Amino acid sequence: MLTLDKGRKIMQHEYVFKMKKGDIEIELKSDDIEFVEQQLNKWREDIMQKG
Amino acid sequence: MSRYAFTFKKDDIFVEFITTDKEIVEKQFQVWVADADDYARGHNQGKGKRENEKEEAKPQNLQPSNPQEVSSQLTTHSSPKIEATAEEFIPVKEQSPPEVLDKASTLLKTINTIQGTDKANSEEQIANSNVSLQGMSESNDEAIQKEDFSTQEAPTSNFEAVLEQSIENPTFEPAKTQDKVFLNLVHSKNTTDKFHYLIITAYYLSEFEKLQRFSLKQINAKLMQNLSEAIDHSTLQSAINQNFVELVPDLTGVSDVAEYKLTLVGEEFFANKI
């Protein structure tokens with residue numbers, strides 16, 4: 001999505017992170033890439049550690 | 001603006017990442033695939049089984065602006081239940097589902113071509129992804145599939161088999177923990193009379209569990225759990241008649257369960273007469 005920052009149009013991306021396990025489903029929407037990346041990294045490690 | 005979706009599935013865990021940021025989806029896709037590769041290597045040592053690859057592509061129907069529809073699949077030979085897909089959604093036109101067998105490097109190339117970007121880094125990324133993909137070993141793997149956004153697939157047949165097995169061979173057993181304090185109290189009175197059990201249990205619930213009132217059900221629950229005994233209404237009525245126990249009036253008018261409390265006379269009976 002486009003937003004204005006000091007009169008200039010900048011591209012602001014949207015990020016949606018969804019996770020589903022059994023009946024449980026969670027969804028995270030944000031425009032904060034750092035936060036979303038943190039969540040992705042955290043859940044990736046968590047999932048991969050479960051054998 | 002194009003939208004990108006990255007889905008990842010392992011056992012009964014399904015992860016989906018949707019964004020309009022191509023770079024981040026590229027980055028995450030590589031990281032997840034690399035991790036999946038590492039997991040597969042460690043997980044499949046000693047197994048030595050092989051499965052056939054299944055690779056399918058399904059069309060996606062979304063609402064973006066570009067007329068082209070690009071989809072590709074990543075085939076991994078990693079652990080049996082890990083699937084990862086990354087795709088660019090472009091939309092609207094329905095096309096017959098092509099069967100495309102591709103790897104992550106081709107996907108990245110395609111994305112870059114469509115976007116008209118010319119990044120030197122993408123070449124390096126492609127090379128790295130090729131290396132990781134070529135090293136993947138074949139074992140009990142399922143192919144990566146594209147999933148229709150409108151429908152979510154049900155859990156795998158493994159879950160159903162496990163569920164069926166657990167139904168046929170139930171292993172649940174209710175807890176049979178006993179209250180030692182209660183048992184000590186009962187044994188200290190050295191009685192087996194049910195009327196005495198009622199008074200002792202009423203005293204225990206009042207003084208030890210700090211219940212201001214209790215129901216007959218609670219009395220019997222305590223007795224059954226520890227002594228396999230139960231009190232009937234006639235015994236309770238006898239205690240009420242002797243003023244050892246009194247009925248607590250239901251001021252709310254909505255309670256379905258009658259509740260009682262031990263009177264002072266009842267406490268005295270417990271202390272001196274049992």
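Contacts and salt bridges of chains A and B

Colleague: How many residue pairs are in polar contact across the interface of chain A and chain B?
Modeller: The model is a predicted one. Only pairs with both residues at pLDDT 80 or more enter this count. Across the interface of chain A and chain B, the number of residue pairs in polar contact is 12.

Colleague: Which element supplies the largest share of the side of chain A that touches chain B?
Modeller: Strand S3 (15-21) and helix H1 (33-49) of chain A each give at least two residues to that side. The largest share amounts to 9 residues, and its source is H1(A).

Colleague: How many charged residues does the side of chain A that touches chain B have?
Modeller: The contact draws 23 residues from chain A and 23 residues from chain B. On the side of chain A, 12 residues are nonpolar and 4 are polar. The charged residues there number 7.

Colleague: What area do chain A and chain B bury between them?
Modeller: Carbon and sulfur atoms carry 60% of the buried area. The total that chain A and chain B bury between them is about 2,200 Å².

Colleague: In which sense do S3(A) and strand S2 of chain B pair, parallel or antiparallel?
Modeller: Strand S2 of chain B covers residues 13-19, and its pairing with S3(A) runs over 7 bridges. Within this part of the contact, Tyr15(A) stands opposite Thr19(B) in S2(B). The sense of the pairing between S3(A) and S2(B) is antiparallel.

Colleague: Which residue of chain B forms a salt bridge with Glu37(A)?
Modeller: Side chains of opposite charge can pair when their charged atoms come close. For Glu37(A), the closest N and O atoms of the pair are 2.7 Å apart. The pair crosses between chains, from helix H1 of chain A to helix H1 (residues 22-43) of chain B. The partner of Glu37(A) is Lys27(B).

Colleague: Is Glu37(A) buried or exposed?
Modeller: Its partner Lys27(B) has 43% relative accessibility and counts as partly exposed. Glu37(A) has a relative accessible area of 14%. The cut-off for buried is under 20%, so Glu37(A) is buried.

Colleague: How many salt bridges are counted between chain A and chain B?
Modeller: Over all chains the count comes to 12 salt bridges. The pair of Lys27(B) and Glu37(A) is a salt bridge that joins the two chains. Between chain A and chain B the count is 3.

Colleague: How many residues apart in sequence are the parts that Arg213(B) and Glu259(B) tie together?
Modeller: Arg213(B) and Glu259(B) form a salt bridge, with the closest N and O atoms 2.9 Å apart. Arg213(B) lies in the loop between helix H6 (194-207) and strand S4 (214-215) of chain B, while Glu259(B) lies in strand S6 (residues 259-262) of chain B. Because the two residues sit in these elements, the pair ties together parts whose separation in sequence is 46 residues.

Colleague: Which residue forms a salt bridge with Glu246(B)?
Modeller: The closest N and O atoms of this pair are 3.7 Å apart. Glu246(B) is in strand S5 (residues 245-248) of chain B and its partner is in strand S6 of chain B, 15 residues apart. Glu246(B) is partly exposed at 32% relative accessibility, and the partner is partly exposed at 33%. The partner of Glu246(B) is Lys261(B).

How values were computed. Residues numbered from 1 in each chain as written. Chains lettered and ligands numbered in written order. Predicted model: local features only at pLDDT ≥ 70, side-chain atom pairs only at ≥ 80, totals over all residues. Heavy atoms only, no water. Contact = heavy atoms within 4.5 Å. Buried area = accessible area lost by both parts, 1.4 Å probe. Salt bridge = Lys/Arg side-chain N within 4 Å of Asp/Glu carboxyl O. Polar contact = N/O pair within 3.5 Å; in protein donor to acceptor, adjacent residues only side chain to side chain. Helix = DSSP H or I, 4+ residues; strand = E, 2+ residues; numbered from the N terminus. Nonpolar A, V, L, I, M, F, W, Y, C, P; charged D, E, K, R; others polar. Pairing = 2+ DSSP bridges. Buried < 20%, exposed > 50% of the residue type's maximum accessible area, 1.4 Å probe, protein only.
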